[in-house]
Amino acid sequence: MGEQLPALQVVVPLIGALLVALVRRPTAAWLVTVVVSLAMPVISALLLVRVLNQGVISYHLGGWDPTIGIEYRVDIVNALILLLVSAVAAVIAPFARLSVLSEIAEGRIGWFYAMYLVSLAGLLGIAITGDAFNAFVFLEISSLSSYVLIAMGRDRRALVAAYQYLIMGTIGASFYVIGVGLLYIMTGTLNLNLIAERIVAVESFRPVLAALAFITVGISLKLALFPLHVWLPNAYAYAPSVVTTFLAATATKVAIYLFARFVFSVFGAGFVFADLPVTPILVALSVAAIFGAGTVAVFQSDVKRMFAYSSVGQVGYITLGLALATTTGVTGGLVHLLNHAMIKATIFMGLGAVFFRVGRIEFQDIAGIGRRMPITMGAVAIAGLSLIGVPGTAGFVSKWYLVVASLEVGWWWLAFLIVLSTMITVVYVGRLIEWAWFREPSRQVATVEEAPIEMLAPICLLAAATIYFGIDTYLTAGLAERAANALLSGLR
Amino acid sequence: MSDLIALAGDVVAHYNQWITVFLMVSGLYIVIARGNMVKKLVGLSLFQTSVYLLYISAGKILSGTAPIIDPHFTVYSHPLPHVLILTAIVVGIATMAVGLALVVRINEAYGTIEEDEIFKRDDDR
Amino acid sequence: MRLDVILRVVTKVILPFMLVFAIYVQFHGDYGPGGGFQAGVIAGATIILYALIYGLAPARRLVPAALVEAMIPLGVLIYAGVGVVGWLTGGNYLDYSHLAHDPVHGQEWGVFLVEAGVFVTVSATMVAIFYAFAGRGRR
């Protein structure tokens, strides 16, 4: 049984999705989703423990040898990502019942949960697979189900947002496939490990460079790196609350993992960052993302849209850490990946609870909400403080690592910019706190009560986690440092 | 002179990759330059087709036959690119189906499928 | 007489051949181009042609929408089930070698069953997409 954990990680949500698609009653669908979502972190935690004890796990799908078959390969890096995705899904599941019942038409709830589980299976598959083309298939599985999930939003603008995301996401996936095709032509294999071994001995480097370019651009479209982020604000703003929470916490993170896997493990950090001018380009784009997206966030009138732009900026911090390509830098990037997922999940779940009670999510409609829903907004405020990077919260840890990493490579200006950018975060988080507590309650807000307990519990749990991981950082920073070392040492 | 002929020969010999690039670029151009949502999807489909050509033309083995064991033949084409492209074609079809379904819903919600019209109507709200 | 007599008569004659061809393509995937996806599309096209010529309502009576919506996950369940059988016979997921008395026949059976699952899902999906699009916009 323990041997089959890697396959179970993907097969269980997939079969769960199929069962939900067969029996599309809302309550049964939600129950299956909860059972599957709670089983996922168990499997991921077992995998993580195994990897910490035994090293890399290699699972041969279908019993075929990796030279001719598909291999699922788990090392410390993707064990962390698997645990992140499954933990987020497990926390969202109890929250989802009431939120979905209120936002999605009754006949569509069954299909909603089926697509949700398919998306979960796809994201877990991207993280666990060791085969480049299998990663493309899982990438498209998770993306197609995301387009459908986003399109189920109430507003008709959700349809346009889903369409825009579809166009850009498919172009990104096709670029990725072109890159993988070029790598396959040059090395003769699709297994990531074998490509990494054979890539040093190819007869001509130009196709490898082209492959790197295509794969980078393709994955950047999926992880919403500036300037390829255009689909994200609309998609997150108009999607149902559960979908925004889930995607904001997982989809971009898994794409970042895939990017890190290719750049560090397959192509090699030395080749990509030392020989090619990737670091300056990536640093420039990350800084542009942080400042540009942060500034645009300040001027939004829709709260969800504001935090969607914030997500684009935060992704910039993660890619900044990866671009610095030192142990501290990559650790900072990975820690921020984990922390940001927790923070954004808390914030968007809190906003989902507000939407559930009030029915609207523009700033003037939720004025004074802090006094009517103190616990919910309190949790959102704590997550907001973590987003700013107040000492004692998780966000401070990742910003600290990034500042130290920039100082280590001697870029004082970058460290200064990172600290300056927290000012912008203070402004937009401050806007939310001001509207929530320091304004008179609007007409709709005057009659609402606190969110129901099944929504409050996950929100408070995650908010507590953002504080806990700011104090005890073994699980985030300690493991992320081991993962960073594994990435930077090249072949796994 | 003979260098030039050799160069021209090299260029023409890679005609499969020239066609791939041409389809890729025209598909991308249609996606960017056309405002009609169905036309964008057509451009996307064209772009994806170029990717199929890239893989299959690279997988061709000269004088190789179809990869099905037959006592008369000894040289077979590599089956893996064909399997990959079958998967990619199915993914492309699923994408087109979702895209077209979205266009139908957008048409019902907005009454138009031209992007500039839709943005105007959203700004007016 | 209605102007589409030729279409209706020719369709009536052709439909059984299309279906038989679909099943032929399904089973000859080992020996020529074919397999689950191609056969599923041809079978779906058969139902769609019937719906185009004879109307949506007769087609819905012949192949009800509920049946089609149930077939989609059923086919994938067959595929996933074969994988689970791989677990039960002691191998990894989707390991076909233990499905029969020796590995070669096991592979044959494994591929046959998963292609059957693919056929069910793909034909149902094509018909479901057609039903979803064709039933709209009629006032």
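This report walks through a predicted model, chain by chain and then across the places where the chains touch.

**Chains A and B overall**

Start with chain A, which has 19 helices and two strands. Its C-alpha trace covers about 70 × 55 × 40 Å along the principal axes. For 492 residues, a compact globule would have a radius of gyration near 23 Å, and chain A comes in at 21 Å, so the value agrees with that expectation.

Chain B is built from five helices and zero strands, giving the pattern α-α-α-α-α along the sequence. Its C-alpha trace spans about 65 × 45 × 15 Å along the principal axes. Here the globule rule doesn't hold: a compact globule of 125 residues would have a radius of gyration near 14 Å, but chain B has 21 Å.

Burial and contacts for these two chains are set out below. The contact column takes contacts with a separation of 6 or more and gives the share from residues 24 or more positions apart.

| Chain | Residues | Buried | Share of contacts from 24 or more positions apart |
|---|---|---|---|
| Chain A | 492 residues | 64% | 80% |
| Chain B | 125 residues | 24% | 44% |

**Inside chain A: two strands and a helix**

The strand pair first. Strand E1 (residues 57–60) of chain A is joined to E2(A) by four bridges, and the two run antiparallel. In that arrangement, A:Ile57 sits opposite A:Val74 of E2(A). In a regular strand, side chains alternate between the two faces of the sheet. Looking at strand E2 (residues 71–74) of chain A, A:Glu71 and A:Arg73 point one way, while A:Tyr72 and A:Val74 point the other way. What's worth a look on screen is that all of these are buried, the charged pair A:Glu71 and A:Arg73 included.

Now for helix H8 (residues 206–223) of chain A. With 18 residues at 1.5 Å a residue, it should span 26 Å; its end C-alpha atoms are 26 Å apart, so the helix agrees with the expected span. Its buried residues include A:Val208, A:Phe214, A:Ile215 and A:Ile219, and A:Lys222 is also on that list. Which helices do the buried residues of H8(A) pack against? They pack against helix H6 (157–187), helix H10 (241–275) and helix H12 (303–324) of chain A. Right after H8(A) comes A:Ala224, and its phi is positive, near 60 degrees.

**Where chain B meets chain A**

On the chain B side, 25 residues are in contact with 22 residues of chain A. Helix H3 (37–58), helix H4 (79–110) and helix H5 (115–124) of chain B each supply at least two residues of that side. H4(B) gives the largest share, 13 residues. Sorted by class, the side of chain B that touches chain A has 18 nonpolar, four polar and three charged residues.

B:Val31 is a handy residue to click on. It lies in helix H2 (residues 15–33) of chain B. Why does B:Val31 count as buried? It has 21 other C-beta atoms within 10 Å, and the cut-off for buried is 20 or more. Setting aside neighbours within four places in sequence, B:Val31 is in contact with A:Ile167 and A:Ile171 from chain A, and with B:Lys40, B:Gly43, B:Leu44 and B:Phe47 from chain B. B:Leu46 is 15 residues from B:Val31 in sequence, and the two C-alpha atoms are 9.7 Å apart in space.

**Chain C and its first helix**

Chain C touches chain A as well: 14 residues of chain C are in contact with 13 residues of chain A. That side of chain C breaks down into nine nonpolar, four polar and one charged residues.

Helix H1 (residues 5–27) of chain C has 23 residues, which should span 33 Å at 1.5 Å a residue; its end C-alpha atoms are 34 Å apart, so that agrees. There is a bend in H1(C), though: about 35 degrees at C:Ile14, with a proline, C:Pro16, following within four residues. The buried residues of H1(C) are C:Ala22, C:Val25 and C:Gln26. Helix H2 (36–54) and helix H5 (103–134) of chain C are included in what covers them.

Key: Residues are numbered from 1 along each chain as its sequence is written. Chains are lettered from A and ligands numbered from 1 in the order in which they are written. The expected span of a helix is 1.5 Å times one less than its number of residues. The bend at a residue is the angle between axes fitted to the seven residues ending there and the seven starting there. A residue is buried if 20 or more other C-beta atoms lie within 10 Å of its own, exposed if 12 or fewer, and partly exposed in between; C-beta atoms are placed from the backbone. Two residues are in contact if their C-beta atoms, placed from the backbone, lie within 7 Å. Two strands pair if DSSP finds at least two bridges between them. The radius of gyration is taken over C-alpha atoms; the globule rule is 2.2 Å times the number of residues to the power 0.38.
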